[in-house]
Amino acid sequence: MPPTGGRRMPLHPQTVSFLEQLASWTAVPPGRDGRPAEPTIAEMRERIGAAFPVVRRELPRVRDVEVPGPAGPVPVRLYRPAPPERGPLPGVVYLHGGGWVLGGVDNVDAFCRDLAAAAECVVLNVGYRLAPEHPFPAAVDDAWAAVSSVAREPGRYGVLRGAVAVAGDSAGGNLAAAAALLARDAGVPLAHQLLVYPVTDTAKDTPSWREYGTGYGLDAGSLARFMDLYRDGADPSDPRLAPLRAPDLAGAAPATVITAECDILRDEAEAYARRLAEAGVPVELRRYDGVVHSFFLLPEIFDSGAEAVEFAVRRLRAAFDDHSRQGSAA
């Protein structure tokens with residue numbers, strides 16, 4: 001596992017270029033007092049909507065479906081990389097990032113298409129409810145509704161029984177980790193959990209939080225604001241909100257945890273990987289040096305992003321292969 005401290009690596013030139021572009025893209029005109037005005041949630045949602053790739057891979061089947069949720073149907077976009085006659089495939093339930101406040105199905109559409117093709121699996125991209133309109137536990141309830149529906153009724157989605165993984169980035173990684181714990185508690189087996197720089201705690205006092213709080217893409221003030229909007233006074237130690245605070249992680253699905261060196265979430269994500277390992281959960285943690293939050297979803301900008309996606313795909317395919325071998329042995 002990566003060290004908790006040690007020598008800081010220099011920023012990769014691709015990171016420097018990305019941060020310059022990001023600063024230009026997110027520049028806010030000054031208000032009447034001469035200071036930059038804090039953007040509204042609506043303005044931030046509009047900006048993030050234009051920030052992700054629009055080039056999309058063609059797949060044999062992409063369709064919008066719904067899963068039953070606690071507050072009504074949860075929208076899900078389903079991607080299938082092979083025609084239906086091939087039969088059921090492994091499945092990945094994917095949960096997008098955005099601080100529980102921003103983002104949606106469209107923002108990770110291109111990535112989910114590529115993931116489906118590379119991992120040869122069905123991907124289900126979940127449009128969970130967002131804060132502040134729908135605070136905690138709305139998002140995690142919707143995430144669990146999707147995971148449990150696919151795991152319990154795989155044939156409905158063309159998914160192979162027992163070969164279901166959950167994945168997510170940032171706040172989506174938080175939801176994926178929480179859903180994996182809910183699955184364990186409900187006796188619903190998952191093949192894997194892929195956590196990409198996940199939020200795992202409500203306490204924000206780690207070295208990476210202090211060192212990379214401003215100027216590295218994911219701003220500490222913004223994430224703290226989003227956390228407050230999402231938490232809305234809920235118990236900060238609730239494991240559905242802060243998986244790192246769960247009393248026991250034993251029995252959770254095998255995991256892959258991916259982090260970026262220059263990311264405020266690095267330390268809490270790596271702490272979660274260590275706790276999983278201490279609880280006897282098979283886990284592989286990989287840190288990518290010199291890069292920042294969001295690198296994983298931007299392989300066209302970051303070489304490390306492309307490498308991380310390839311690594312994640314290998315881990316998912318290996319998990320699904322293990323399921324196939326166990327099924328054959330049974």
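**Notes on the sheet, its helices and the salt bridges**

1. Let's start with helix 4 (residues 138-152), which lies across strand 1, strand 2 (74-80), strand 3 (89-95), strand 4 (122-126) and strand 5 (159-169), and runs at about 160° to strand 5. On terms: helices (H or I, at least four residues) and strands (E, at least two) are DSSP runs, numbered from the N terminus. Axes are lines fitted to C-alpha atoms, for helices over the stretch in contact, with angles going from 0 to 180 degrees between N-to-C directions. Contact means heavy atoms within 4.5 Å.

2. A word on what you're looking at: this is a predicted model, where local features need pLDDT of at least 70 and side-chain atom pairs count only at pLDDT 80 or more, while totals for chains, interfaces and linings use all residues. Residues are numbered from 1 along each chain as its sequence is written, and side-chain values use heavy atoms, with hydrogens and water left out.

3. The overall tally is nine helices and eight strands. Of the 330 residues, 53% are buried (under 20% relative accessible area; exposed is over 50%, partly exposed in between, with a 1.4 Å probe and protein chains only). Taking contacts between residues at least 6 apart in sequence, 76% of them join residues at least 24 apart.

4. The eight strands make an open sheet in the order 1-2-4-3-5-6-7-8, and the pairing is mixed. Strand 1 (61-67) and strand 8 (283-292) are the edges: each has a single partner strand, so one side of each has no neighbour in the sheet. On average, neighbouring strands are turned by 20° against each other, direction ignored. Pairing here requires at least two DSSP bridges between two strands.

5. Strand 4 is worth a look. Five of its five residues are buried, and both faces are covered, with Val122, Leu124 and Val126 on one side and Val123 and Asn125 on the other. Strand 4 pairs with strand 2 in the antiparallel sense over four bridges, Tyr79 having Val123 as its bridge partner. With strand 3 the pairing is parallel, over five bridges, and there Tyr94 is matched with Asn125.

6. At the other end of the sheet, strand 7 (residues 255-262) and strand 8 run parallel and are joined by seven bridges; Thr259, for instance, has Arg287 as its bridge partner in strand 8. Helix 8 (residues 266-278) lies across strand 6 (192-196), strand 7 and strand 8, at about 150° to strand 7.

7. Back to helix 4, which packs against helix 5 (residues 171-186) at an angle of about 55°, with axes 9 Å apart. That makes the pair oblique (under 35 degrees is roughly parallel, over 145 roughly antiparallel, 65 to 115 roughly perpendicular, and the rest oblique). The crossing is right-handed, meaning the near helix is turned clockwise from the far one by less than a right angle. Ala139, Val140, Ala143, Trp144, Val147 and Arg152 of helix 4 meet Leu175, Ala178, Ala179, Leu182, Ala183 and Ala186 of helix 5.

8. One helix 4 residue to check is Asp142. Asp142 counts as buried because its relative accessibility is 3%. Leaving aside neighbours within four places in sequence, Asp142 contacts Pro70, Val74, Val126, Tyr128 and Arg129.

9. Now the charges. Side chains of opposite charge can pair when their charged atoms come close. The whole structure has 17 salt bridges (a side-chain nitrogen of Lys or Arg within 4 Å of a carboxyl oxygen of Asp or Glu). One of them joins Asp109 to Arg113, with the closest N and O atoms 2.7 Å apart. These two sit four residues apart in helix 3 (residues 109-119), which means that about one helical turn separates them. Asp109 and Arg113 are both buried, and a salt-bridge network links them with Asp64, Arg77 and Asp106.

10. Two further salt bridges have more accessible partners by their own figures. Glu153 meets Arg156 at 4.0 Å, N to O; Glu153 is partly exposed at 39% relative accessible area, and Arg156 is partly exposed at 41%. Asp185 pairs with Arg184, with the closest N and O atoms 2.9 Å apart. Asp185 is exposed at 56%, whereas Arg184 is partly exposed at 24%.
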